[in-house]
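Take a look at the chain below. Turn it slowly and search for hollows, patches and paired charges.

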Amino acid sequence: MAYAMSTERHVKLFRNGRNQAVRIPREFELPGEDAVMRREGDTLVIRAKRTPTTLDEFLDTLEPTDDPFPEIDDPPTKPEDIF
């Protein structure tokens, strides 16, 4: 069943154990069972979590690291006579 999409709706916050929670109204339902949430100032942004389908999308999901790359033994190649 399709619902009219409004841009804003008043919702109540409640406690679920030690977590604060909000019920997502039907017209704002997200697909799947996982979502990603981030804070932008006093605004929370919730978006559906997509499974990466390309290498670029997968790499975008990784957190930056300051770990150094390990040393790799990479000796020069020997010339080969192919004729």
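Helix α1, residues 55-61, gives the largest share of the lining of the second largest pocket: 3 residues. This is a predicted model. The full lining of this pocket is V36, R47, K49, R50, P52, E57, D60 and T61. What classes do these residues fall into? By class, 5 are charged, 2 are nonpolar and 1 is polar. The space in the second largest pocket comes to about 230 Å³. Rolling a probe the size of a water molecule over the atoms shows where such empty space is left.

Now move to the largest pocket. About 590 Å³ of space lies there. Three strands each give two or more residues to its lining: β2, β3 and β4 (43-48). The lining has 18 residues in total, and V11, V22, I24, L44 and I46 lie nearest the centre. Sorted by class, the 18 residues split into 11 nonpolar, 3 polar and 4 charged.

Some of those names come back on the surface. A nonpolar patch of about 670 Å² is made by V11, L13, V22, I24, L30, M37, L44 and I46. Pick out I24 as an example. I24 sits in the loop between β2 (19-22) and β3 (35-40). Is I24 buried, exposed or partly exposed? Its relative accessible area is 43%, so I24 counts as partly exposed, in between the limits of 20% and 50%.

Next, the paired charges. How many salt bridges does a search of the whole structure find? The search finds 3. In one of them, the side chains of E27 and R9 meet at 2.9 Å, N to O. This pair links distant parts of the chain: E27 is in the loop between β2 and β3, while R9 is in the segment before β1 (13-16), 18 residues apart. The two partners differ in cover. E27 is buried, with a relative accessible area of 18%. R9 is partly exposed, at 45%.

Another salt bridge joins E40 and R38, at 2.8 Å from N to O. E40 is partly exposed at 42% relative accessible area, and R38 is partly exposed at 41%. E29 and R26 also form a salt bridge, with their closest N and O atoms 3.8 Å apart. Both E29 and R26 are exposed.

Finish in the segment after α1, where P79 is found. P79 is exposed, with a relative accessible area of 80%. How far apart are P79 and F14 in space? From C-alpha to C-alpha, they are 71 Å apart, and 65 residues separate them in sequence.

Methods. Residues are numbered from 1 along each chain as its sequence is written. This is a predicted model: local features need pLDDT of at least 70, side-chain atom pairs count only at pLDDT 80 or more; totals for chains, interfaces and linings use all residues. Side-chain values use heavy atoms; hydrogens and water are left out. Patches are made of residues with over 30% relative accessible area and no salt bridge: like charges are joined within 9 Å, nonpolar side chains (Val, Leu, Ile, Met, Phe, Trp, Tyr) within 5 Å. Accessible areas come from the Shrake-Rupley method with a 1.4 Å probe; for residues, only the protein chains shown count as cover. A salt bridge is a side-chain nitrogen of Lys or Arg within 4 Å of a carboxyl oxygen of Asp or Glu. Helices (H or I, at least four residues) and strands (E, at least two) are DSSP runs, numbered from the N terminus. Buried means under 20% relative accessible area, exposed over 50%, partly exposed in between (1.4 Å probe, protein chains only). On a 1 Å grid over the protein atoms alone, a cavity is a set of points where a 1.4 Å probe fits but cannot get out, and a pocket is an open set with protein on both sides within 12 Å along at least five of seven lines; lining residues have an atom within 4 Å of a point. Grid points are joined across faces, edges and corners, and a volume is the space filled by probe spheres set on the points. Ala, Val, Leu, Ile, Met, Phe, Trp, Tyr, Cys and Pro count as nonpolar, Asp, Glu, Lys and Arg as charged, and the others, Gly among them, as polar.
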